[in-house]
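Visitor: Could you take a close look at one part of this model for me, then connect it to its surroundings? I would like the cut-offs spelled out as you go.

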Amino acid sequence: MTDQHLAPSDYGTGQKKLSIYVTGLSLCVALTLLSFWAVSAEQLSDMQILAIIYASAVAQFFVQLVCFLRLNTETEQGRMNVLSLVFTGIILLCIVTGSLWIMWNLNYFMMN
């Protein structure tokens, strides 16, 4: 038998580096503090507070995808991981939208 040196599979996530985790942690803490400040400052309108919280939540979602789940497109497996995430989002959007549409129609036809 021959001794083959197989490279360990990274499943498209790339190399583990402490710096990416520290960066992700710093960004998540900053985004959380931004949301906390928006609510506790009491200087902004309700719509501005909601916009800041929503934008911070979306940004934090992407920071966690890239920094902690290490979702990237550097390798073929990484691109497949991104496509799987996009496909999951599309399916989820279809299910939620379809459910809301069905409930709205049921409400409309039962009340009229």
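Guide: Happy to. Let's begin with the surface patch: patches are built from residues with over 30% relative accessible area and no salt bridge, joining like charges within 9 Å and nonpolar side chains (Val, Leu, Ile, Met, Phe, Trp, Tyr) within 5 Å. This is a predicted model, in which local features need pLDDT of at least 70 and side-chain atom pairs count only at pLDDT 80 or more, while totals for chains, interfaces and linings use all residues. Residues are numbered from 1 along each chain as its sequence is written, and side-chain values use heavy atoms, with hydrogens and water left out.

Here, Trp101, Ile102, Trp104, Leu106, Tyr108, Phe109 and Met110 make up a nonpolar surface patch with about 910 Å² of accessible area together (Shrake-Rupley method, 1.4 Å probe, only the protein chains shown counting as cover for residues). Trp101 lies in helix H3 (helices are DSSP runs of H or I, at least four residues, numbered from the N terminus). With a relative accessible area of 57%, Trp101 is exposed (exposed means over 50%, buried under 20%, partly exposed in between; 1.4 Å probe, protein chains only). Trp104 is exposed too, at 52%, whereas Tyr108 is partly exposed at 40%.

Several of these side chains also meet ring to ring. Rings of Phe, Tyr and Trp (its six-membered ring) pair if their centres lie within 6.5 Å; planes under 30 degrees apart are stacked, over 60 edge-to-face, and the rest tilted. That rule gives four aromatic pairs. One of them joins Phe61 and Phe62, whose ring centres are 5.3 Å apart with planes at 70°, so this pair is edge-to-face. Phe61 is partly exposed at 45%, and Phe62 is partly exposed at 47%. Back in the patch, Trp104 and Tyr108 form a stacked pair, 5.5 Å centre to centre with 10° between the planes. Trp104 and Tyr108 are four residues apart in H3 (residues 76-111), so about one helical turn separates them. Ring pairs tie Trp104, Tyr108 and Phe109 into a cluster.

H3 also holds a charged pair. A salt bridge is a side-chain nitrogen of Lys or Arg within 4 Å of a carboxyl oxygen of Asp or Glu, and the count comes to one. In it, the side chains of Arg79 and Glu76 meet at 3.2 Å, N to O. Arg79 and Glu76 sit three residues apart in H3, so they too are separated by about one helical turn. Arg79 is partly exposed, with a relative accessible area of 36%.

Now for the loops. Arg70, in the loop between H2 and H3, has a positive phi near 50° without being a glycine. Arg70 is buried at 12% relative accessibility. Glu42 has a positive phi of about 55° although it is not a glycine, and is found in the loop between H1 and H2. Unlike buried Arg70, Glu42 is exposed, at 70%.

Finally, the helix before Glu42: the buried residues of H1 are Gly24, Cys28, Leu31, Ser35 and Ala38, and the buried residues of H1 pack against helix H2 (46-67) (contact means heavy atoms within 4.5 Å).

Notes
Helices (H or I, at least four residues) and strands (E, at least two) are DSSP runs, numbered from the N terminus.
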